[in-house]
Amino acid sequence: MKNEASQTLKLAFPIVIGELAQMALHLIDTAMVGAVSYKQLAAAALVLNTINIPFVIGIGMTISVSQMVSLAHGRHDGKQVSHYFYNGFVLCLLTALIISGIIIYGENILHHLGQDPEVVALAIPFMRIMAYSIIPMLLFMTLKQFSDGLEYTKTAMILSVASMPLNIFLNWLMIFGNWGLPRMELEGAGWATLITRSIIFVALGLIILNHKTFNRYIAVRGQQWKLNLQTWRELLHIGIPSSMQIGMEAGAFAVSGIIIGTLGAVAQASHQIALSCASFTFMVSMGLAQAGSIRVSNAFGRQNWPKIELIGKSTLWTALVYGTLCAITFAALRMQLPKAFNKNEEVLELASYLLLFAAIFQISDSTQAIGAGLLRGIKDVTAPTIFIGISYWILGIPIGYLLAFQFGFGASGMWLGLIIGLTFASIFLITRFLRKTRLKNVS
């Protein structure tokens, strides 16, 4: 167990650092925009909550690339790796273009969500820019999933980390109007994100096309870089349920944020602060889930079920320990963390209270992510998608809404609903993985 946990952590570490770097970009944007005004912060939160559902659906599609690449890699089939990479990239490019177009042409939805009119006016230009930035980001994620599936995880990590100082510098120029640039405030944060995402996508693409590490997969492009309907079916078999799983979870948080936004800008800004902190810690869980999923998929390619069970159990124990540490940290620092985002006393008070709820769901949030990732690794995606739908959309959101409005709990009621949804999802997914591996090993 210790050996398997150590190997998973070794693979996960660069993935986690890369995920944290990308999340740090959102935190940096939030903090720098929050320094302008809490209305700007609320507008950023509104946009991020609105576009997050289609964005993570796109990320779910990129996951199919790492899953199929790692499966072929486990079989030592380099030609098939190259074939899945090319078809996956084209599929994800189309997905990115569709998602970006839907957001751009659907921007007027912000007028119909019951939000503060001033917040909506600030949000629409920012939303348009962020929609364009989704294209290079999803393409970067596709290239990252390819290299991660081959267990080459450091390159994408380095680029993700390097994007942080670049984004901070561009924010400083464009948000505040330094070095003679116009002061663009929230729109400036959008342009900084678009430029940063474009640069890291181009950089990773050039590395994959030219570096000797990937040469064996690029060298066979003449034979393998052909579109194939059956390959698309395989990718979509993983990609669509993965997109639905991640989309339903992200959607639950996004919808909760929109619902909380109807309570006012203070509640919206407070929710965004607490959610940003929780999302940051969740990136570690996502990294662990991806590493566990890649290792399980590799073993699944060889049909090594004892290995699959051992990898899964060791990863779940790691997630349990990590979630516990995060819960303790949030509870201990709940009064200090919100001060990094805003100075409004009402916002700080409510955000510190919501961080207590974020502390409670750290364990279930971490373990449900691992459970979903392990099941993807053994190509079990349909039933988990149903379980996640029930957990968030039949239990979590409806209960949260009732607690928030019918029982007068306000924003904390929605967070209680999220805790319920995450807990049930964790129980469903972990139980299914352990049962399937036990049955396979017995047979």
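1. The expected span of a helix is taken here as 1.5 Å times one less than its number of residues. In this predicted model, helix α13 comprises 16 residues. From its first C-alpha to its last, α13 reaches 23 Å, close to the 22 Å expected at 1.5 Å a residue.

2. Helix α13, which runs over residues 362-377, is mostly covered, with 15 of its 16 residues buried. Two of its polar residues, Gln-368 and Ser-366, are treated in the next two points.

3. Ser-366 belongs to helix α13. Its relative accessibility is 0%, so Ser-366 counts as buried. The side chain of Ser-366 forms a polar contact of 3.0 Å with the side chain of Ser-285. When residues up to four places away in sequence are not counted, Ser-366 touches Ser-285, Ala-319, Tyr-322 and Gly-323. Ser-285 thus appears both as the polar partner of Ser-366 and in this list of contacts.

4. Gln-368 also lies in helix α13. Because buried means under 20% relative accessible area, Gln-368 counts as buried at 1% relative accessibility. A polar contact of 3.0 Å links its side chain to that of Glu-249. Leaving aside neighbours within four places in sequence, the contacts of Gln-368 are Glu-249, Phe-282, Tyr-392, Leu-422, Ala-425, Ser-426 and Leu-429.

5. Which residues line the second largest cavity? The lining consists of Gln-245, Ile-246, Glu-249, Phe-282, Met-286, Gln-368, Ala-369, Ala-372, Arg-376 and Ile-388. Gln-368 and Glu-249 are among them, and these two residues are joined by the side-chain polar contact described above. Phe-282, a further member of the lining, is also in contact with Gln-368. The cavity holds about 80 Å³ of space.

6. Helices α9, α10 and α13 each supply at least two residues of the lining of the second largest cavity. The greatest contribution comes from α13, with four residues. By class, this lining has six nonpolar, two polar and two charged residues.

7. The structure holds six cavities of 30 Å³ or more. The largest cavity contains about 830 Å³ of space. It is lined by 34 residues, of which Met-23, Asn-52, Val-56, Ser-279 and Met-283 are the closest to its centre.

8. Which helix gives the most to the lining of the largest cavity? That helix is α10, with nine residues. The elements that each supply at least two residues of this lining are α1 (2-34), α2 (38-74), α4 (117-149), α9 (229-261) and α10 (265-301). The lining divides into 20 nonpolar, 10 polar and four charged residues. Helices α9 and α10 are named for the largest cavity and again for the second largest.

9. The largest pocket contains about 220 Å³ of space. Its lining is made up of Gln-7, Lys-10, Leu-11, Pro-14, Glu-151, Tyr-152, Thr-153, Lys-154, Thr-155 and Arg-295. The elements that give two or more residues to this lining are α1 and α5 (154-174), and α1 gives the most, with four residues. By class, the lining of the largest pocket divides into three nonpolar, three polar and four charged residues.

10. Attention may be drawn to the backbone at Lys-379. Lys-379 follows α13 and has a positive phi, near 60 degrees, in a residue other than glycine. Lys-379 is placed in the loop between α13 and α14 (382-406). Is Lys-379 buried or exposed? Its relative accessible area is 18%, so Lys-379 is buried, the cut-off being under 20%.

11. His-76 also has a phi near 60 degrees, a positive value in a residue other than glycine. His-76 lies in the loop between α2 and α3 (78-105). With exposed defined as over 50% relative accessible area, His-76 counts as exposed because its relative accessibility is 68%. Lys-379, by contrast, is buried.

12. To summarise the region around α13: the helix is mostly covered, and it gives the most residues to the lining of the second largest cavity. Within α13, the side chain of Ser-366 makes its polar contact with Ser-285, and the side chain of Gln-368 makes its own with Glu-249. Beyond the helix comes Lys-379 with its positive phi.

Methods. Residues are numbered from 1 along each chain as its sequence is written. This is a predicted model: local features need pLDDT of at least 70, side-chain atom pairs count only at pLDDT 80 or more; totals for chains, interfaces and linings use all residues. Side-chain values use heavy atoms; hydrogens and water are left out. Buried means under 20% relative accessible area, exposed over 50%, partly exposed in between (1.4 Å probe, protein chains only). A polar contact is a pair of N or O atoms within 3.5 Å; within protein, one must be able to donate a hydrogen and the other to accept it, and residues adjacent in sequence count only if both atoms are side-chain atoms. Contact means heavy atoms within 4.5 Å. On a 1 Å grid over the protein atoms alone, a cavity is a set of points where a 1.4 Å probe fits but cannot get out, and a pocket is an open set with protein on both sides within 12 Å along at least five of seven lines; lining residues have an atom within 4 Å of a point. Grid points are joined across faces, edges and corners, and a volume is the space filled by probe spheres set on the points. Ala, Val, Leu, Ile, Met, Phe, Trp, Tyr, Cys and Pro count as nonpolar, Asp, Glu, Lys and Arg as charged, and the others, Gly among them, as polar.
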